[in-house]
Amino acid sequence: MDSRLEAFVAECDCLARTHAGAGEYVARAAPRMLDLAAMGLDLLSPEQRRDDPRSYARNALHLGSQRGVSLFALVWRPGQWTPIHDHGTWGVVGVLEGVLEERSFVPRSYEVDDADAIELLPGGISLLSPGSVSTFVPNPDHIHMTGVPEDRETAVSLHVYGRLMNSYHFYDRDAGTRRLVAVEHFES
Ligand SMILES: [Fe+2]
């Protein structure tokens, strides 16, 4: 891994060990991610930015422990999107190439703690161009889908998470359900 990415992971790991809270972690990690996002694709080797014709590709750069931070390079071909999901942790996203679109969703009620009766309403969207940084925190979880519409170019983004991001909550908007599902990645 590029030494600048290694330094970023070490910094995020130290940050997370302070137990200062998710709001503090993203406030401190976002400016560091902004520096990285300005460097663009030079941060990644060709093996670290593989794409996949079947789905957006998650290239694992640092996996760490279950409760430690993890870092991924995601490659989004035109038309590739995540499902609606939340991460159950904090995270910081930086765009290296292309325009990444994020669509947010808001539960009609935060009072209902029933994974089978969740009504989601469309929230705002963000269009993140190269060099942009976005963050999220849990509790309440940030519910969103991310991707690139058919009529845009491929996007590449860096994502640091506050835990080993090998699963997330998948929302079925029609069924009104939320389920924990495993998510795949490429080793690099
Ligand atoms: Fe996400």
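Q: In what order do the elements of the protein chain run from the N terminus on?
A: In this predicted model, the secondary structure of the protein chain comes to two helices and 12 strands. Read from the N terminus on, the order of these elements is α-α-β-β-β-β-β-β-β-β-β-β-β-β.

Q: What radius of gyration does the protein chain have, and what would a compact globule have?
A: Along its principal axes, the C-alpha trace spans about 45 × 40 × 25 Å. For 188 residues, a compact globule would have a radius of gyration near 16 Å. The protein chain agrees with this, at 16 Å.

Q: Which strands stand at the edges of the open sheet of six strands, and why is one side of each left without a neighbour?
A: The sheet is open and mixed in its pairing, with the strand order E7-E4-E9-E2-E1-E12. A strand with a single partner strand has one side without a neighbour in the sheet, so the strands to look for are those with a single partner. These are E7 (133–136) and E12 (186–187).

Q: In what sense do strands E4 and E9 pair, and which residue in E9 stands opposite Val95?
A: In general, strands of a sheet pair through backbone hydrogen bonds, either parallel or antiparallel. E4 covers residues 91–97 and E9 covers residues 155–161. Their six bridges are in the antiparallel sense, and the residue opposite Val95 is Ser157.

Q: At about what angle to E4 does helix H2 run?
A: Helix H2 takes in residues 22–39 and lies across E4, E7 and E9. Its angle to E4 is about 10 degrees.

Q: Is H1 roughly parallel or roughly antiparallel to H2?
A: The axes of H1 and H2 come within 10 Å and cross at roughly 175 degrees. Angles over 145 degrees count as roughly antiparallel, so H1 is placed in that class relative to H2. The contact involves residues of H1, including Phe8 and Leu15, and residues of H2, including Ala29 and Leu36. The answer is roughly antiparallel.

Q: Which residues touch the most other members of the largest nonpolar core?
A: This core has 40 residues. Helices H1 (3–17) and H2 and strands E1 (57–62), E2 (70–76), E4, E7 and E9 each supply at least two of them. The residues that touch the most other members are Ala29 and Ala73.

Q: Which residues does Ala73 touch, not counting those up to four places away in sequence?
A: Contacts between distant positions make up much of this fold: residues 24 or more positions apart account for 77% of the contacts with a separation of 6 or more. For Ala73, the residues touched are Leu44, Gln48, Arg49, Asn59, Leu61, Val156 and Leu158.

Q: Is Pro107 buried, partly exposed or exposed?
A: Pro107 is found in strand E5 (residues 100–107). Beyond its neighbours within four places in sequence, Pro107 is in contact with Ile118, Glu119, Leu120 and Ile143. A residue needs 20 or more other C-beta atoms within 10 Å to be buried, and 12 or fewer to be exposed. Pro107 has 17, so Pro107 is partly exposed.

Q: Which residue takes a positive phi in the hairpin of E10 and E11?
A: Strands E10 (residues 167–172) and E11 (residues 177–182) run antiparallel and are joined by six bridges. One of the bridge partnerships is that of Tyr168 with Val181. Four residues lie between the strands, and the residue with a positive phi, near 75 degrees, is Gly176.

Terms used. Residues numbered from 1 in each chain as written. Predicted model: local features only at pLDDT ≥ 70, side-chain atom pairs only at ≥ 80, totals over all residues. Pairing = 2+ DSSP bridges. Contact = placed C-beta atoms within 7 Å. Axes fitted to C-alpha atoms, helices over the stretch in contact; angles between N-to-C directions. Rg over C-alpha atoms; globule rule 2.2 N^0.38 Å. Core = buried A, V, L, I, M, F, W, Y, C linked by C-beta atoms within 7 Å. Parallel < 35°, antiparallel > 145°, perpendicular 65-115°, else oblique.
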